[in-house]
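Work through the exercises below with the sequence and the 3D view open. Try each task before you read its solution.

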There are 2 protein chains.
Amino acid sequence: MSGHSPTTHLLERLSRLIQNEAHAHGLKPVQWEILRFLRLANRFSRTPSAVTAYLNLTKGTVSQSLNALETKQLVTKEPVTGDRRRLSLTLTAAGREMLAGDPMDALDTAVRSVEAARGEDMSGGLRAVLSDLLRRRGGRAFGVCRTCRHYRPEPGAAGQARCALLNETLGPADSEAICVEHDG
Amino acid sequence: MSGHSPTTHLLERLSRLIQNEAHAHGLKPVQWEILRFLRLANRFSRTPSAVTAYLNLTKGTVSQSLNALETKQLVTKEPVTGDRRRLSLTLTAAGREMLAGDPMDALDTAVRSVEAARGEDMSGGLRAVLSDLLRRRGGRAFGVCRTCRHYRPEPGAAGQARCALLNETLGPADSEAICVEHDG
DNA sequence: TCATAAAGTATCGACTCGATACATTTTAAA
DNA sequence: TTTAAAATGTATCGAGTCGATACTTTATGA
């Protein structure tokens, strides 16, 4: 008997439920997650290798899944100028449309309603759990540009910034997007 | 851009991480979950249909997964006396041994450490989220015998009880086990 | 009794995913 | 500058996932 703590047990059950729900509209769980990542990632991070790192998948799975998404015309691939090994991924209009029917919206609704009703924000605890796990596994935690050590706000221009690592200018949208190069 | 709330996003990422970690020791995620369920379930609930309902899988997946677990000698199947359609599942000694190396122990460690450090118990909020989702989907929430409407404590005998639905006596271990028939 | 429901099995097809091998291109080192 | 090592992505294998569908056997209830 025995087993895991109540919270762990609930996370396991929620994880299963999330997997179960993620088969909607003819897409597979991983395909949904790739679409969600592409919606959130900045332009330096919309590549197969960033998807691989973020979702902790194998290169093979990502390559296959991207082919499936390309066939469904939800994502396009283009070569990157400057590095001929790389591909740049873009959500098509159909891809964004698909995200409007994201089955995970039900989870989001439940989470928002529970947090509002209980006056409790679980994100701090969950973020700590995720960081702990990723650190133990040696993975990167990722994060949005604005919180990165390479982030340099442009003095005078509100919302404008620069990435000191890639030496690229960042608009307001970039600053709030997920970046593979994020370094806390 | 935009997307889900921070908490939802973290639950999605944790779910992915949990899936990724669940490939240890030659078992697949679902196989691990079946082993965990069998460790927690009472004797009325160690059947393929209970596994199917609890994990929200299809009968086909459960049937296949149980065959795999039986081949690995982690689980045994026996016919049930009284209903010749049913099978009773039992964790073998090797199955319990396998659970000693459960990759989800890492999550449990992280959860316990974070909750202790922050003095925060997330189980209430997570339980509410899970209930909300299950209710919306029409699924049962399950639960342990002791909290069931059919639970009848045996007056005088500490820990002894009876199930009014199945008309069976329950020992202390049964009372704390998950039951498919659980009704809040 | 007899239709219906429930418990499991079997099969198909698309996808997941670790593992391995491979072709290109880039980067760093000698 | 040539060369070795690393990085990006693809291709293939094998076991498993999982919705869908069809089927068998056994219980149950009108």
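The exercises go from one chain to the pair, then to the DNA and the buried parts.

**Exercise 1. Describe the fold of chain A.**

Solution. Note that this is a predicted model.
- Step 1: Count the elements. Chain A has eight helices and five strands.
- Step 2: Read their order. From the N terminus the elements run α-α-α-α-β-β-α-α-α-β-β-β-α.
- Step 3: Take the dimensions. The C-alpha trace of chain A spans about 55 × 40 × 30 Å along its principal axes.
- Step 4: Check burial. Of the 184 residues of chain A, 38% count as buried.
- Step 5: Look at contacts between residues at least 6 apart in sequence. In chain A, 53% of these join residues at least 24 apart.

**Exercise 2. Find the operation that superposes chain B on chain A, and name the relation.**

Solution.
- Step 1: Rotate chain B by 180 degrees, with 0.0 Å of shift along the axis. Chain B then superposes on chain A with an RMSD of 0.0 Å.
- Step 2: Name it. This is the relation of a two-fold axis.
- Step 3: Compare the contact surfaces. The same surface serves both copies, as 98% of the contact residues of chain B recur in chain A.
- Step 4: Locate the axis. Of the residues of chain B, B:Ser15 comes closest to it, at 2.3 Å (C-alpha).

**Exercise 3. Dissect the side of chain B that touches chain A.**

Solution.
- Step 1: Count residues. In this interface, 49 residues of chain B are in contact with 48 residues of chain A.
- Step 2: Assign them to elements. Those of chain B that give two or more residues are α1 (6-21), α2 (29-40), α6 (105-118) and α7 (123-137).
- Step 3: Pick the main contributor. α1(B) gives the largest share, 14 residues.
- Step 4: Sort by class. This side of chain B has 23 nonpolar, twelve polar and 14 charged residues.

**Exercise 4. Which residues are closest to each DNA strand, and which helix gives the most?**


Solution.
- Step 1: Start with DNA strand D. It is surrounded by 27 residues, and the closest are A:Ser49, B:Lys28, B:Val30, B:Gly60 and B:Arg84.
- Step 2: List the elements that give two or more residues there. Chain A supplies α1 (6-21), α3 (48-55), α4 (59-71) and β2 (83-91), while chain B supplies α2, α4 (59-71) and β2 (83-91).
- Step 3: Find the top contributor. α4(B) gives the most to the surface near strand D, with five residues.
- Step 4: Sort that surface by class. It divides into seven nonpolar, 13 polar and seven charged residues.
- Step 5: Turn to DNA strand C. Here 26 residues surround the strand, and the closest are A:Lys28, A:Val30, A:Gly60, B:Ser49 and B:Ser63.
- Step 6: Repeat the assignment. Near strand C, two or more residues come from each of α2 (29-40), α4 and β2 of chain A and α1, α3, α4 and β2 of chain B.
- Step 7: Name the top contributor. α4(A) gives the most near strand C, with five residues.
- Step 8: Sort by class again. The surface near strand C has six nonpolar, 13 polar and seven charged residues.

**Exercise 5. Explain how the buried residues of α3(B) are arranged.**

Solution.
- Step 1: Pick them out. In α3 (residues 48-55) of chain B, B:Ala50, B:Val51, B:Tyr54 and B:Leu55 are buried.
- Step 2: Take the arc. These residues cover only 110 degrees around the axis, so they lie on the same side of α3(B).
- Step 3: Recall helix geometry. An α-helix has 3.6 residues a turn, so residues three or four places apart point the same way.
- Step 4: See what covers them. The cover includes α1 of chain A, together with α2 and α4 of chain B.
- Step 5: Step past the helix. Just after α3(B), B:Asn56 takes a positive phi of about 55 degrees.

**Exercise 6. Map the nonpolar cores.**

Solution.
- Step 1: Find the largest core. It has 65 residues, of which A:Leu14, A:Phe37, A:Leu38, A:Val129, B:Leu14 and B:Val129 touch the most other members.
- Step 2: Find the main source. α2(A) gives the most to this core, with seven residues.
- Step 3: Zoom in on one member. Beyond its neighbours within four places in sequence, A:Phe37 is in contact with A:Val51, A:Tyr54 and A:Leu55.
- Step 4: Look for another core. One of 28 residues lies apart, and B:Ala41, B:Leu69, B:Leu91 and B:Tyr151 are among its members.

**Exercise 7. Is A:Ala177 buried or exposed?**

Solution.
- Step 1: Place the residue. A:Ala177 is in the segment after α8 (172-175) of chain A.
- Step 2: Count neighbours. A:Ala177 has 21 C-beta neighbours inside 10 Å, so it counts as buried.
- Step 3: List contacts beyond four places in sequence. A:Ala177 is in contact with A:Leu40, A:Ala41, A:Asn42, A:Val144 and A:Cys145.

Definitions and conventions. Residues are numbered from 1 along each chain as its sequence is written. Chains are lettered from A and ligands numbered from 1 in the order in which they are written. This is a predicted model: local features need pLDDT of at least 70, side-chain atom pairs count only at pLDDT 80 or more; totals for chains, interfaces and linings use all residues. Copies are superposed by least squares on the C-alpha atoms of residues with pLDDT of at least 70 in both. Two residues are in contact if their C-beta atoms, placed from the backbone, lie within 7 Å. Helices (H or I, at least four residues) and strands (E, at least two) are DSSP runs, numbered from the N terminus. Ala, Val, Leu, Ile, Met, Phe, Trp, Tyr, Cys and Pro count as nonpolar, Asp, Glu, Lys and Arg as charged, and the others, Gly among them, as polar. A residue is near a molecule or strand if its C-beta atom, placed from the backbone, lies within 6 Å of it. A residue is buried if 20 or more other C-beta atoms lie within 10 Å of its own, exposed if 12 or fewer, and partly exposed in between; C-beta atoms are placed from the backbone. The arc is that of the directions from the helix axis to the C-beta atoms. A nonpolar core is a set of buried Ala, Val, Leu, Ile, Met, Phe, Trp, Tyr and Cys residues joined through C-beta atoms within 7 Å.
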